Amino acid sequence: MGLNAQDAVIQEVIEAMHIDSMIRFVQEMSGEVAVDLGDGPVVINSRHSDHAGNALAQLYFERKLASFGHVTETRSFNATGRNVLATKTGSVHPDEIVVLCAHYDAMPPGGLYDAPAADDDGSGCAALLEAARVLRDIPFERTIIFALWDQEEQGKIGSIHYANGMAADDADIVAVVNMDAIAYDGNGDRKARVHARPVANSLAIADTVFAVLDRYAFDLDLMLTNPGAVYSDHASFWSAGYGAVLMIEEFNNDGNPNYHTPNDRVQYFDVPYYEQLAKLSVASMATLAVPFDPTTSAHGRLGAALVNNLLVYPNPTAGRSRFRLHVDQPAHYRSALLNALGQEVDVLLDAELPSGDQLIEMDLTRMAAGAYTVQVIGPDGDLRAIRVLRIP
Ligand SMILES: [Zn+2]
């Protein structure tokens, strides 16, 4: 399929993210070079929660995000813990939120050693900064929140506080992309993982990551881990009922030997690998945020529109649920519910639809508990699918 206008925006994002820029950010936050935060040059030797460098890092991220033109906000959640946030409001659906995140705190413990934490998670933080720099002037339909967590290493304290607070406010977070350790590939096999679980739309978010991997030329061997690990901040969103994925280097069989040591330094990065995994993560998030382009033709936009605008809620469900389908131009659509064997168990829709957002009700009350797929076929046979979980 040819590149449509939305794809062109994503392609532009991929090309605009510069590896030199990301490496510079990692050098600054991991003590390789000094930074000036307003009082002359300082070196951030450690970002550990108990180390003075943690507060320097927090200031560093505030200054960087502000320098890219974002309004930043720092939220305290305990005596020393602070999350740094920047919000880019959506042009069409400002209430629908896509979160791009990484944790800025570090191991090993402060005072005793340096904690450069270049890979874990300077790599994710630098990719986030580069995304914030590149995306500043690109309009998206949905709101993007750039979030840098503190105290991940003490038990995801910062992200738990944030995710629970958003759930308590009934915030409509439609996707979370967490980047944690994305720069190490010891054996050069280009393997990386996306971690997801059947929680809310997490598996559909992973599907979008694989769709982005296929559509643009990434030199990565990506694997799905399902059920995904709960050792990083995306799991705080799962616990709060939101869809989220973790993007991470292949840690199971090719772990970074410098993990949580004073040797977790940028010199051990596989730089081309880091560039690829950072760009895949950000391009996936940007696809989920939906580039805003009112001039695009309906046909050109269809694939992305279906990928991005198929949203099932509530999901998981104990019975009644619904999905939302965005249609750019009137066309015939057919949608079916498939069971885990791929057999059609219900026809949800078979009709001409007007343009706009369509809400389609479905009733899984009589269905057995388990995983189902909502499949939608649009004009020209374009097919998209999203998973829905029927719980007892
Ligand atoms: Zn980490």
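**Exercise 1. The four-stranded sheet**

Identify the residue of strand S14 that stands opposite Arg334, and place both strands in their sheet.

Solution. Step 1: the residue of S14 facing Arg334 is Asp350. The structure is a predicted model, in which local features need pLDDT of at least 70 and side-chain atom pairs count only at pLDDT 80 or more, while totals for chains, interfaces and linings use all residues. Residue numbers start from 1 along each chain as its sequence is written. Helices (H or I, at least four residues) and strands (E, at least two) are DSSP runs, numbered from the N terminus.

Step 2: strand S13 (residues 331–338) and strand S14 (residues 344–353) are antiparallel and share eight bridges; two strands pair if DSSP finds at least two bridges between them. Their hairpin has five residues between the strands, and Gly342 has a positive phi near 85 degrees there.

Step 3: S13 is also joined by five bridges to strand S16 (residues 370–377), again in the antiparallel sense. Opposite Arg334 in S16 stands Ile377. Ile377 in turn has Leu383 of S17 as its bridge partner, and S16 and S17 run antiparallel with eight bridges between them.

Step 4: the resulting open sheet has four strands in the order S14-S13-S16-S17, with antiparallel pairing. S14 and strand S17 (383–390) each have a single partner strand, so one side of each lacks a neighbour in the sheet. From one strand to the next the twist averages 15 degrees; angles run from 0 to 180 degrees between N-to-C directions, and axes are lines fitted to C-alpha atoms, for helices over the stretch in contact.

**Exercise 2. Helix H8 and its crossing with H4**

Characterise the span and burial of helix H8 (residues 271–289), then describe how H4 passes H8.

Solution. Step 1: H8 has 19 residues and reaches 27 Å from first to last C-alpha, close to the 27 Å expected at 1.5 Å a residue. The expected span is 1.5 Å times one less than the number of residues.

Step 2: of the 19 residues of H8, 17 are buried. A residue is buried if 20 or more other C-beta atoms lie within 10 Å of its own, exposed if 12 or fewer, and partly exposed in between, with C-beta atoms placed from the backbone. Just after H8, Val290 has a positive phi of about 65 degrees.

Step 3: the axes of helix H4 (residues 118–135) and H8 come within 10 Å and cross at roughly 55 degrees. H4 and H8 are therefore oblique to each other, given that angles under 35 degrees count as roughly parallel, over 145 as roughly antiparallel, 65 to 115 as roughly perpendicular and the rest as oblique. The crossing is right-handed, the near helix being turned clockwise from the far one by less than a right angle.

Step 4: Ser123, Ala127, Ala131 and Leu135 of H4 meet Tyr274, Ala278, Ser281, Val282 and Ala286 of H8. Contact requires C-beta atoms, placed from the backbone, to lie within 7 Å.

**Exercise 3. The eight-stranded sheet**

Give the strand order of the open sheet of eight strands and name its edges.

Solution. Step 1: the order is S3-S4-S6-S5-S7-S10-S8-S9, and the pairing is mixed. Strand S3 (72–76) and strand S9 (221–225) are the edge strands, each pairing on one side only. The twist averages 20 degrees from one strand to the next.

Step 2: at the S3 edge, five bridges join S3 to strand S4 (residues 82–88) in the antiparallel sense. Ser76 has Arg82 as its bridge partner in S4.

Step 3: H8 packs on this sheet, touching strand S5 (93–103), strand S6 (142–149), S7, S8 and S10, and its direction makes about 175 degrees with that of S7. Helix H6 (residues 202–215) lies across strand S7 (172–179), strand S8 (191–195), S9 and strand S10 (244–249), at about 45 degrees to S10.

**Exercise 4. Two loop residues and helix H2**

Locate Gly319 and Val230, and state what covers the buried residues of H2.

Solution. Step 1: Gly319 lies in the loop between strand S11 (311–313) and strand S12 (320–327). With 13 other C-beta atoms within 10 Å, Gly319 is partly exposed. Not counting residues up to four places away in sequence, Gly319 touches Asp363, Leu364 and Thr365.

Step 2: Val230 lies in the loop between S9 and helix H7 (234–239). Val230 is partly exposed, with 14 other C-beta atoms within 10 Å.

Step 3: in helix H2 (residues 19–29), the residues Met22, Ile23, Phe25, Val26, Glu28 and Met29 are buried. Their cover includes strand S1 (35–36), helix H3 (52–67), H4 and H8.
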